[in-house]
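This report describes a protein–DNA assembly in two parts. The DNA surface is treated before the contact between the protein chains.

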Number of protein chains: 2
Amino acid sequence: MTRQSSELCEQVARWEVQLRKGILEFVILLTLSRREHYGFELVTGLTERAAIDVPEGTIYPLLLRLSKDGLIQSELRDGDGGAPRKYYTLTHKGSALLAAMIPSWQKLAASVDGLLGGHRN
Amino acid sequence: MTRQSSELCEQVARWEVQLRKGILEFVILLTLSRREHYGFELVTGLTERAAIDVPEGTIYPLLLRLSKDGLIQSELRDGDGGAPRKYYTLTHKGSALLAAMIPSWQKLAASVDGLLGGHRN
DNA sequence: CAACCAAGCCTTGCAATGCAAGGCTTTTTA
DNA sequence: TAAAAAGCCTTGCATTGCAAGGCTTGGTTG
């Protein structure tokens with residue numbers, strides 16, 4: 001790989017980090033709206049199913065913040081013969097916030113796609 | 001408006017701020033790839049055409065950073081009888097980065113929309 | 001029994017960015 | 001002359017992603 005293209009890769013990587021901000025919170029709430037998940041399951045699940053890589057150092061502080069804000073709640077239960085797991089579910093408040101987020105996301109994504117549509121090279 | 005819904009509005013607003021991170025850089029490069037723009041024109045243009053509200057306190061530091069990174073370049077010219085304008089255009093490096101960003105955005109947006117598609121309530 | 005590994009949770013400190021608030025200059029207009 | 005509008009910029013704060021590392025539990029292996 002040339003020096004130029006590796007610098008470009010780094011820039012894209014830095015950009016993707018910023019791109020996640022806010023999106024992750026949305027994605028977590030969206031995932032929990034379908035069924036309860038425990039933390040580690042969110043990490044592996046999002047990586048595999050949605051191709052969104054979420055490191056543990058990101059997910060646990062985020063889950064903690066969402067709990068403090070009353071958007072989700074947790075229950076500690078014994079796992080499948082392994083270490084105990086903390087299962088998270090949406091609260092009523094979390095559902096309401098998610099419902100408000102969806103049109104915001106759709107509007108923004110549509111705007112970006114509109115600009116993308118005009119991109120001809 | 002009730003106290004609850006105004007708190008929800010504030011939370012959505014805070015979230016939208018985070019959602020912009022990264023997206024704005026992408027949107028600016030995308031906009032400049034079509035034709036040159038001056039700073040204030042980006043503010044008004046994105047608000048009107050793309051419904052993306054970009055305050056001046058956001059756009060000017062961002063344009064400065066993109067210039068420092070060699071992604072865009074500027075030329076100061078007299079405006080339409082008003083104050084002088086700084087016109088920005090993409091550099092070759094900026095075009096290359098934009099080209100690398102597009103598939104990243106499309107992949108992420110597709111992942112989120114995939115999760116959204118499974119959302120039934 | 002001791003050593004090891006995987007699942008699973010958490011904390012700390014840093015890096016990066018949006019933006020409110022305010023200030024500056026130039027030109028037009030009342 | 002005063003005021004408003006176009007247009008550019010800076011400072012400081014708040015927020016968030018994440019790399020790196022540590023902790024616990026239970027199973028597996030020698």
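A residue is near a molecule or strand if one of its heavy atoms lies within 4 Å of it. This is a predicted model, in which local features need pLDDT of at least 70 and side-chain atom pairs pLDDT 80 or more, while totals for chains, interfaces and linings use all residues. Residues are numbered from 1 along each chain as its sequence is written, chains are lettered from A in the order in which they are written, and side-chain values use heavy atoms, without hydrogens and water.

## Surface near DNA strand D

Sugar or phosphate accounts for 71% of the atoms of DNA strand D within 4 Å of the protein, and bases for the rest. The strand has 26 residues around it, of which A:R20, A:K21, B:F40, B:R85 and B:K86 come nearest.

Phosphate oxygens of strand D lie 2.4 Å from a side-chain N or O atom of B:R85 and 2.9 Å from one of B:Y60. Helix α4(B) gives the largest share of this surface, five residues (helices are DSSP runs of H or I, at least four residues, numbered from the N terminus).

## Interface of chains A and B

Chain A and chain B each bring 44 residues to the contact (heavy atoms within 4.5 Å). Together they bury about 4000 Å², 73% of it on carbon and sulfur atoms; buried area is the accessible area (1.4 Å probe) lost on being put together, summed over both parts.

Two salt bridges are counted between the chains (a side-chain nitrogen of Lys or Arg within 4 Å of a carboxyl oxygen of Asp or Glu). B:K93 and A:E7 form one at 3.2 Å, N to O.

Terms used
Polar contact = N/O pair within 3.5 Å; in protein donor to acceptor, adjacent residues only side chain to side chain. Helix = DSSP H or I, 4+ residues; strand = E, 2+ residues; numbered from the N terminus. Buried area = accessible area lost by both parts, 1.4 Å probe.
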